[in-house]
Amino acid sequence: MLNSNRISRIWPVLVVLPALFLYILFVLLPTLSNLFLSFTDFTGNLHKPLHYIGINNYSRAFHSDFQSIGGAIRNTLIFSVLVTLVQNMAAVLLAVLVNLKLKLRNIYRAILFMPNVLGVVIIGLVWTLIFDPISGPIVKGFERMGIDTALLGDPGWALYLVVFVTIWANLGYAMVIYIAGLQSIPEEMYEAARIDGATTTDTFMKITLPLLQPAITINILISLIGTLSTYDFIMVLTNGGPGTATMTLSLFVFKNLYNGESQGYLAALSMIQFAFIFIIVVVVQHFLRKREAEL
Amino acid sequence: MRKKGWLASFCLFLAFASVASGCAKSSDNTPASSESSPAQSASASETNSTPAEKDVDLKIINFRVEDKAFYDQINQAFQEKYPHIHVKYDVVATKDYQQLKTARTAADDVDLIASGGESELADPNHRDLLADMNGQPFLEHYIPDALTAGQYEGKQLFLPTSSTTLVTFYNKKVFNDLGLQVPTTWDDFVKVLEQIKAAGIDPIMFGGKDQWPVNMILDELEAGIVRSQDKDFYLKMRTEETKFDPAWVEVYQKLGVLGKFFIKNAVGLDYGQAPGLFAQGKAAIMIDGSWSLAQIEDAKPEFEVGAFLLPGSNDPAANGIATTKFGFGWTVYKNSKNKDAAMKYLEFLSETENYKKYNDMVRMLPTQKDIQNASPIAQEISVLLAKQMPIWENLIIPGAKYNYTQYGMEVILGSLTPEEAAKKMQADLIGSKDSWK
């Protein structure tokens with residue numbers, strides 16, 4: 001009996017151990033190593049000795065490179081806020097629509113989810129062709145309407161087009177989470193509201209949205225973290241250009257990796273990026289949880 | 001019940017162990033990897049090795065994905081000649097190459113490392129990884145200038161197997177139809193561009209979406225404007241004896257002028273599309289590298305294309321100097337345990353017949369003596385190489401920041417004046433002084 005109790009106490013720890021081991025090996029240790037390397041002049045060559053250089057790497061980022069990093073942070077915030085807001089608003093609306101008792105609704109759901117199963121490079125190639133500034137269908141249509149733009153090559157348009165493609169690619173994922181949220185709302189609540197004379201708008205605003213709040217919190221956090229650290233879509237679509245019009249913080253770090261920068265400096269840049277994302281996510285999460293509690 | 005629980009946990013452990021071992025095995029296959037089997041090697045009829053020779057794994061990494069077909073062939077032939085050397089050839093896209101190189105050198109798991117050019121030798125971190133090839137007989141095949149470019153303090157650290165130059169391609173039919181002559185001065189060049197534009201033809205093809213193609217224009221302009229006046233200009237930058245501001249103002253000004261003659265929406269056009277569109281006659285001129293001639297020829301074999309050096313100044317003599325770089329080659333890893341096998345591989349690649357095959361396939365400018373490219377346009381480019389200087393990017397201070405690509409694009413887009421661009425470039429250079437190597 002004593003033996004059985006001891007095993008049942010140890011058992012949860014035992015089953016968690018493999019995952020914990022992998023987490024420590026592949027996440028925690030590299031993260032801590034990165035923090036350590038950010039205070040060194042590490043070149044990437046393990047055969048060369050490391051030197052502690054204090055906060056030199058951070059100081060460089062906030063002084064000589066500040067203009068580039070500042071511009072990248074501004075683009076990251078615009079990109080992240082736009083994608084998070086528009087994607088979630090569109091996903092809620094689509095989730096409500098495909099949750100109605102429509103014929104072929106599973107097909108609509110599948111079509112809307114389909115971009116999520118495509119790879120970033122495929123999405124990039126498809127949209128690069130659509131946005132081709134010489135012979136693409138969009139530019140030809142715009143020419144007929146008298147709109148003169150190079151689309152992804154136009155500094156005034158490029159960031160918004162990247163936002164559009166990112167939303168298109170991720171909308172289905174957010175929609176599925178909202179559908180799950182909608183299906184957990186009891187049908188009786190809608191029936192009671194209708195008996196009390198509530199309109200469709202009333203039920204959406206007073207029942208659907210408040211009860212979807214946990215799904216909204218999850219979706220907003222997922223898209224915030226994703227967009228604040230995204231670089232792949234942007235790299236495939238615009239490579240940060242034209243000029244620096246679509247250069248985000250993650251892409252800035254990624255591109256510096258290939259400019260022969262010291263790994264110590266890159267480690268410092270990625271720690272700055274981590275702090276930037278961490279602060280935003282903690283503040284937003286606090287606000288969203290508070291709102292959930294109020295509702 | 002308890003027995004079932006233990007059985008389940010045992011199964012779970014086995015599953016975990018098998019997944020972990022599976023992961024370990026699959027990690028060998030990460031880059032596009034090719035190796036010939038020992039059976040294939042053993043079946044080779046012709047062999048130079050003796051039975052006493054020990055089996056060796058020769059590990060090679062490369063970033064030229066486009067040359068994979070050639071290297072697959074050459075690796076097979078090499079293994080037939082040396083059955084005891086098993087070639088393990090890994091090639092990844094350029095963007096992933098730095099990571100692969102860092103990982104493989106950190107683990108001493110590489111013998112031969114492909115290199116993008118002699119400019120990498122300026123970086124002491126890169127030089128520290130390389131072995132000296134001096135004294136190897138295969139070096140005799142190469143032209144002395146190419147070998148010199150691959151040396152540092154007398155050590156032969158880099159073997160350049162091809163070279164490239166920056167040129168201005170032009171559509172011969174358009175030039176003939178409009179009665180235009182190849183320009184030799186900047187003013188003539190602008191007049192030619194104006195005449196082409198007046199004839200309703202887009203003057204310059206430019207794929208600006210990737211941003212870096214602007215460097216080719218800057219490189220060509222710079223040669224005629226800056227180093228034609230002071231060939232040691234970049235050597236004096238460390239002491240601030242020379243500065244980008246005002247020397248580069250004219251470079252950016254002329255870039256801005258050329259930008260007005262680009263094909264419509266050029267800054268949104270993919271660089272990869274530009275040579276094909278040029279061959280289709282969508283523009284009369286394309287400022288590019290000699291490496292694009294293969295793509296131009298393949299896009300439309302009957303297209304008549306010529307080449308000249310972009311005249312950056314009004315002095316024809318200053319404009320007649322080609323900017324070149326030794327664009328691709330091989331280095332041997334210093335800690336390699338298989339240096340002999342690595343040298344044998346380079347010797348095999350350097351054999352005239354194999355080198356010819358390579359040169360005909362990649363259609364770059366040869367670095368071996370008495371080798372000529374069969375392509376007519378390559379031969380036309382060769383004529384332009386009477387006077388040469390390295391592209392200025394080969395002379396930059398390792399670790400320093402210049403940001404010329406970004407500023408060049410901003411000048412084209414009109415968001416930066418040439419004066420501001422030159423000032424910012426100088427400020428970036430001085431601001432990065434702590435990182436200079």
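**Notes on a predicted two-chain model**

1. Let's start with helix α4 of chain B. Four of its residues are buried: Tyr97(B), Leu100(B), Lys101(B) and Thr105(B). Keep in mind as you read that this is a predicted model. Look at how the numbers of those buried residues are spaced, and then recall a bit of helix geometry. An α-helix makes a turn every 3.6 residues, so positions three or four places apart point the same way.

2. What do the buried residues of α4(B) pack against? Their partners are two strands of chain B, β2 (56-62) and β4 (112-115). As for its length, α4(B) has 13 residues and reaches 19 Å from its first C-alpha to its last. That is close to the 18 Å expected at 1.5 Å a residue. Have a look just past the end of the helix too: Asp108(B) takes a positive phi there, of about 50°.

3. Now for the contact between the chains. Chain A puts in 29 residues, and chain B puts in 29 residues as well. On the chain B side, α4 (94-106) and α18 (404-413) each supply at least two of the residues that touch chain A. Which element gives the largest share of that side? It's α4(B) again, with five residues. Sorted by type, the chain B side has eight nonpolar, 13 polar and eight charged residues.

4. Next, a strand in chain B. β10 (residues 305-308) has Val305(B) and Ala307(B) on its covered face, while Gly306(B) and Phe308(B) sit on the uncovered one. If that every-other-one pattern looks familiar, here's the rule behind it: side chains in a regular strand alternate between the two faces of the sheet.

5. Who is the neighbour of β10(B)? Strand β7 (residues 159-171) of chain B is joined to β10(B) by four bridges, and the two run antiparallel. To find the pairing on your screen, go to Phe169(B), which stands opposite Ala307(B).

6. Over in chain A, try Phe36(A), which belongs to helix α1 (residues 2-37). Is Phe36(A) buried or exposed? Somewhere in between: Phe36(A) counts as partly exposed because it has 14 C-beta neighbours inside 10 Å. Phe36(A) and Ala267(A) are 231 residues apart in sequence, yet their C-alpha atoms are 8.5 Å apart in space.

7. Last, a word on confidence in chain A. Its mean pLDDT is 90, and 98% of its residues reach 70 or more. Among the elements of chain A, helix α7 (residues 158-183) has the highest mean, 95, and helix α12 (residues 249-257) the lowest, 87.

Note on methods. Residues are numbered from 1 along each chain as its sequence is written. Chains are lettered from A and ligands numbered from 1 in the order in which they are written. This is a predicted model: local features need pLDDT of at least 70, side-chain atom pairs count only at pLDDT 80 or more; totals for chains, interfaces and linings use all residues. A residue is buried if 20 or more other C-beta atoms lie within 10 Å of its own, exposed if 12 or fewer, and partly exposed in between; C-beta atoms are placed from the backbone. Two strands pair if DSSP finds at least two bridges between them. Two residues are in contact if their C-beta atoms, placed from the backbone, lie within 7 Å. Ala, Val, Leu, Ile, Met, Phe, Trp, Tyr, Cys and Pro count as nonpolar, Asp, Glu, Lys and Arg as charged, and the others, Gly among them, as polar. pLDDT is the predictor's confidence in each residue, from 0 to 100. The expected span of a helix is 1.5 Å times one less than its number of residues.
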